[in-house]
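Here's a quick briefing to read with the model open in your viewer. Have a look at the fold before going through the notes below.

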Amino acid sequence: MLILPSVSCGAAPSQPAATAATSAPAAATASATPAPTASPTPTAAVATIEMGDNFFDPAQLTVKVGTTVTWKVVGQSTHDLAARDGSFANRTMSFGQTLSFTFTKAGRYPYVCMQHEGDGMVGEVTVID
Ligand SMILES: [Cu+2]
């Protein structure tokens, strides 16, 4: 339904007729900026370890120094993380929650889910130069 304003010859002589038409926001945002969209930075190394219900996937992972590893809970249970050397840890995490840790030193980093260590929910990240 369309209702047209039926004010043909109103009693308002001071109508700002077409003055507001010049300040319309033009489409100036479409300037051709050559954004470097197709250049995935190869320096930011990342890896993901999924935390299922009572296992890490992958349980064994080898990364290079400087890699940021993100653990993500994909199971329905809650889980936690604890590196045996204490370099990273997180309390109870539920579905979708993550913990990221950047490894800056080479070495082996065994870790566990403290709740399910007895069920074999253990993993290890090996960091190489
Ligand atoms: Cu767990």
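V69 is in contact with A47, I49, V63, S100, F101, F103 and V125, once you leave aside its neighbours within four places in sequence. Keep in mind that this is a predicted model. V69 also turns up again in the core, so that's where the notes start.

**The nonpolar core**
- The largest nonpolar core has 13 residues.
- Inside that core, V69 and W71 are the residues with the most contacts.
- At least two core residues come from each of strand 1 (46–52), strand 4 (68–73) and strand 8 (107–112).
- Strand 4 gives the most, supplying three residues.

**K105, in a loop**
- You'll find K105 in the loop between strand 7 (98–102) and strand 8.
- K105 counts as exposed because it has just 9 C-beta neighbours inside 10 Å, and the cut-off for exposed is 12 or fewer.
- Not counting residues up to four places away in sequence, K105 touches V65 and V127.
- From K105 to I128 it's 23 residues in sequence, and 8.0 Å in space, C-alpha to C-alpha.

**G107, in a strand**
- G107 sits in strand 8.
- Is G107 buried or exposed? G107 is exposed, because 12 other C-beta atoms lie within 10 Å and exposed means 12 or fewer.
- G107 and V127 are 20 residues apart along the chain, with 5.1 Å separating their C-alpha atoms.

How values were computed. Residues numbered from 1 in each chain as written. Predicted model: local features only at pLDDT ≥ 70, side-chain atom pairs only at ≥ 80, totals over all residues. Core = buried A, V, L, I, M, F, W, Y, C linked by C-beta atoms within 7 Å. Buried ≥ 20, exposed ≤ 12 C-beta atoms within 10 Å, placed from the backbone. Helix = DSSP H or I, 4+ residues; strand = E, 2+ residues; numbered from the N terminus. Contact = placed C-beta atoms within 7 Å.
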